[in-house]
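Q: I'm new to this one. Could you pick a single part and walk me through what surrounds it?

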Amino acid sequence: MVMPKVLLVDDDAAIIETLQCLVSVRGGEVVALTDSQEAADRIQAGEQFDLMLTDLRMKPVDGIQLITLAREKLPDMPVIVVSAYLDDKTIEHIQELGCRAYLDKPFSVDDVNSLLQMYLGPAA
């Protein structure tokens with residue numbers, strides 16, 4: 001069985017640390033970045049990921065730009081948005097971009113685990 005490779009992108013180190021803990025118990029490789037430009041560069045360079053969790057409001061590259069780039073380079077990779085700024089218009093927009101799921105901040109561990117199980121399978 002191939003272990004998944006998950007990209008986490010959020011400019012809040014505490015969020016990254018929490019998500020990293022929740023993802024890593026499932027096995028596989030976790031690439032956790034607080035620098036959205038580095039995430040964009042890695043996607044642009046063709047690095048393969050099985051799942052991306054991203055914030056929306058970040059600089060210099062925002063989550064919408066990351067999702068758009070991911071759709072171009074990794075069209076089959078599921079994307080989960082994790083943001084405190086999810087109104088109906090934003091949710092509609094990210095869904096149009098192919099985002100498969102979203103979580104409001106603050107999120108519950110149970111909600112994250114449910115989505116991770118859906119996209120990565122049960123914990124190791």
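A: Sure, and keep in mind that this is a predicted model. Let's start in the largest nonpolar core, which has 24 residues; Leu7, Met52 and Leu66 touch the most other members. Strand 1 (5-9), strand 2 (29-33), helix 2, helix 3, strand 4 (79-83) and helix 4 (88-96) each put in at least two residues. Helix 3 gives the largest share, four residues, and that makes helix 3 a good part to zoom in on.

Take Leu66 to begin with. Setting aside neighbours within four places in sequence, Leu66 is in contact with Val9, Ser36, Ala39, Ala40, Ile43, Met52, Thr54, Met58 and Val61. There's a separate core too, with 19 residues, including Leu8, Val23, Leu53 and Phe107. As a rule, nonpolar side chains in soluble globular proteins tend to be buried together.

Now for the helix that packs against this one. Helix 2 (residues 36-44) and helix 3 (residues 63-73) have axes 9 Å apart and an angle of about 10 degrees between them. Angles under 35 degrees count as roughly parallel, so that's the word for helix 2 and helix 3. On the helix 2 side you'll find Ser36, Ala39, Ala40, Ile43 and Gln44, and they meet Leu66, Leu69, Ala70 and Lys73 of helix 3. Sorted by class, this contact has six nonpolar, two polar and one charged residues.

Helix 3 also holds Arg71. Is Arg71 buried or exposed? With 18% relative accessibility, Arg71 counts as buried, because the cut-off for that is under 20%. Its side chain reaches the backbone oxygen of Leu74 at 3.3 Å, and a polar atom of the Arg71 side chain lies 2.5 Å from the backbone oxygen of Met77. Not counting residues up to four places away in sequence, Arg71 touches Asp76, Met77, Val79, Leu97 and Gly98. Look at Leu97 in that list: Arg71 and Leu97 are 26 residues apart in sequence, yet their C-alpha atoms are 7.5 Å apart in space.

One last stop is Asp55, in the loop between strand 3 (51-54) and helix 3. Asp55 is buried as well, with a relative accessible area of 5%. The Asp55 side chain makes a polar contact with the side chain of Lys105, at 3.3 Å. Leaving out residues up to four places away in sequence, Asp55 touches Val9, Asp10, Asp11, Gly63, Val82, Ser83 and Lys105. Val9 is a contact of Leu66 too.

How values were computed. Residues numbered from 1 in each chain as written. Predicted model: local features only at pLDDT ≥ 70, side-chain atom pairs only at ≥ 80, totals over all residues. Heavy atoms only, no water. Axes fitted to C-alpha atoms, helices over the stretch in contact; angles between N-to-C directions. Parallel < 35°, antiparallel > 145°, perpendicular 65-115°, else oblique. Contact = heavy atoms within 4.5 Å. Nonpolar A, V, L, I, M, F, W, Y, C, P; charged D, E, K, R; others polar. Core = buried A, V, L, I, M, F, W, Y, C linked by side-chain atoms within 4.5 Å. Buried < 20%, exposed > 50% of the residue type's maximum accessible area, 1.4 Å probe, protein only. Polar contact = N/O pair within 3.5 Å; in protein donor to acceptor, adjacent residues only side chain to side chain.
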